[in-house]
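Biologist: I have a model with a ligand open on my screen, and I would like to learn how to read it. Could you take me through it?

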Amino acid sequence: MKIMEIEGNRELHGTIRISGAKNATVALIPAAILTDEEVTICNVPEITDTDALCDILNELNVDVKRASESIIINPQNMKNVEIAERYSKKLRASYYFMGALLGKYKKAVMYFPGGCSIGARPIDLHLKGFEALGATVTNKKNKYIVEAEELHGANIYLDIASVGATINIMLAAVKAKGTTIIDNAAKEPEIVNVATFLNNMGAKISGAGTSTIKIEGVEVLHKCFHEVIPDRIEAGTYIIIGALCGKNLKIDNIIPEHIDSLLSKLEEIGVDLEIGKDYVLVSKGENYKPTNIKTLVYPGFPTDLQQPFSVLLTQCNGKSKVTETIWENRFMHVPYLKDLGADITVKNQTATIIGPTELTASSVVATDLRAGAAMVAAGLLATGKTVITNVEHILRGYESIIEKLTNVGAKIDIKEI
Ligand code: UD1
């Protein structure tokens with residue numbers, strides 16, 4: 001088991017370079033199998049979610065080479081075999097192999113995906129989308145067999161603007177006969193990144209980034225070179241850390257428009273920010289004002305930044321509220337923040353935070369990926385040594401987190417116990 005130790009209450013200065021987006025990478029890797037030719041993806045983060053998807057590629061007899069920030073995927077000798085549950089349960093995004101295998105072979109056999117326990121996380125919208133394209137879905141316990149004689153275009157309205165369902169339907173529809181329209185599609189930048197990748201391979205997708213995506217089926221996809229966009233959630237996490245303990249902390253290699261909702265909230269509470277073309281310079285301010293946030297689909301406030309942001313709200317003068325509308329189980333960080341000294345009460349899907357409160361080190365748990373990021377942010381601020389367990393969650397999504405924070409003056413380490 002790995003633990004993280006943080007000696008908090010230190011000023012952070014210097015530059016943190018943001019890596020490629022986890023949530024784009026985890027869709028791009030499965031998408032790459034839609035061709036029989038070699039695909040190169042660069043700016044790929046070295047996180048354990050990437051490793052888990054490469055393990056699945058190996059199972060499918062796909063040739064994978066990794067070189068620093070690039071990954072070269074060659075599916076020439078690929079075999080469409082059942083993906084064992086031990087692979088699918090390692091991460092949520094294993095479900096993108098359903099759409100990709102269905103799109104390529106018209107058959108996918110795999111198990112219910114894993115991932116953070118932040119809610120029930122059903123996949124009904126993915127499956128309904130596959131069915132609309134002509135597939136049948138057989139489900140025994142955790143196992144799903146999705147197959148079709150032929151995939152054809154369809155008009156699909158998503159009841160919820162789901163990121164996963166939007167991408168999975170795109171993957172299944174890209175080689176289907178005819179035109180598919182996804183209405184009430186999710187608009188996240190990662191979806192645009194995946195659509196761009198598929199278009200570079202020869203797909204005909206338009207409208208990604210809007211709520212209507214049109215996919216005209218093509219017969220063949222070919223090799224391409226593609227770059228992963230910067231990780232807006234990693235960027236947002238470090239900017240929040242900068243607002244807690246930074247002194248001219250530069251968060252570099254980002255696309256600031258992707259985090260507009262966060263940046264405007266930070267400005268509202270009084271954080272000292274300089275927003276450049278591809279960076280943000282942030283320093284800890286005085287007398288932060290309280291505020292309310294509500295998580296929403298993009299371009300609203302991202303649920304994935306709600307937990308780290310709640311740490312910042314413990315430092316605001318007065319009462320703030322956080323309302324979570326996407327996941328029903330995303331306040332698991334709260335008991336640990338309270339152990340550190342925060343004043344938080346949760347009722348239904350709203351947390352009320354009264355600040356400012358001093359945070360003092362304690363032993364805490366990373367209950368999920370972004371709860372773990374919240375623990376890191378709190379540990380960096382707290383006085384004394386904070387010990388975080390279950391840090392495997394954090395390593396799923398934050399590349400080189402120890403090195404990045406150490407380089408800007410943090411005292412943080414990871415140990416195997
Ligand atoms: C993705 C992100 C995750 C982020 C979330 C919301 C990845 C790998 N993960 O997750 O970090 O927190 O978007 O921004 O990209 N839903 C259904 N049925 C479905 C699918 C979804 O009811 O078939 C519901 C979910 O329970 C949830 C909401 O729709 O309440 C949004 O989920 P979705 O956008 O699909 O999230 P993920 O793609 O799993």
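Modeller: Happy to; we will go from the ligand outward to the backbone. Keep in mind that this is a predicted model.

Biologist: Let me start with the surroundings. How many residues surround the ligand, and which are the closest?

Modeller: A residue belongs to the shell if one of its heavy atoms lies within 4 Å of the ligand. Here 18 residues surround the ligand, and the closest are D124, L125, S162, D304 and I326. By character, the shell divides into nine nonpolar, five polar and four charged residues.

Biologist: Which helices supply at least two residues of that shell?

Modeller: They are α1 (22–31), α5 (124–132), α6 (163–173) and α10 (303–313). The largest share, three residues, comes from α5.

Biologist: And what do the domains contribute to the shell?

Modeller: Domain 1 (2–19 + 230–416) and domain 2 (22–227) each provide at least three residues.

Biologist: Now the polar contacts. Which atoms lie 3.3 Å, 2.8 Å and 3.0 Å from an oxygen atom of the ligand?

Modeller: For a polar contact, look for a pair of N or O atoms within 3.5 Å. A backbone N or O atom of L125 lies 2.8 Å from a ligand oxygen, and P122 also offers a backbone N or O atom, at 3.3 Å from an oxygen of the ligand. With W327 it is a polar side-chain atom that lies 3.0 Å from a ligand oxygen. As for cover, the ligand taken alone exposes 750 Å², and the protein buries 88% of that.

Biologist: Where does the ligand sit?

Modeller: In the largest pocket.

Biologist: Let us turn to the backbone. Which peptide bonds are cis here?

Modeller: The general idea is that most peptide bonds are trans. In this model, a cis peptide bond joins Y298 and P299, with omega about 10°. P299 lies in the loop between β17 (292–294) and α10. Another cis bond runs from G355 to P356, with omega near 0°. P356 is found in the loop between β20 (350–355) and β21 (363–365).

Biologist: What about phi: is it positive or negative at N287?

Modeller: Most residues other than glycine have a negative phi. N287 is not a glycine, yet its phi is positive, about 50°. You will find N287 in the loop between β16 (279–283) and β17.

Biologist: Thanks, I will look at these places on my screen.

Key. Residues are numbered from 1 along each chain as its sequence is written. This is a predicted model: local features need pLDDT of at least 70, side-chain atom pairs count only at pLDDT 80 or more; totals for chains, interfaces and linings use all residues. Side-chain values use heavy atoms; hydrogens and water are left out. A polar contact is a pair of N or O atoms within 3.5 Å; within protein, one must be able to donate a hydrogen and the other to accept it, and residues adjacent in sequence count only if both atoms are side-chain atoms. Accessible areas come from the Shrake-Rupley method with a 1.4 Å probe; for residues, only the protein chains shown count as cover. On a 1 Å grid over the protein atoms alone, a cavity is a set of points where a 1.4 Å probe fits but cannot get out, and a pocket is an open set with protein on both sides within 12 Å along at least five of seven lines; lining residues have an atom within 4 Å of a point. A molecule sits in a cavity or pocket if more than half of its atoms lie within 2 Å of its grid points. Helices (H or I, at least four residues) and strands (E, at least two) are DSSP runs, numbered from the N terminus. Ala, Val, Leu, Ile, Met, Phe, Trp, Tyr, Cys and Pro count as nonpolar, Asp, Glu, Lys and Arg as charged, and the others, Gly among them, as polar. Domain bounds come from an automatic or database domain assignment.
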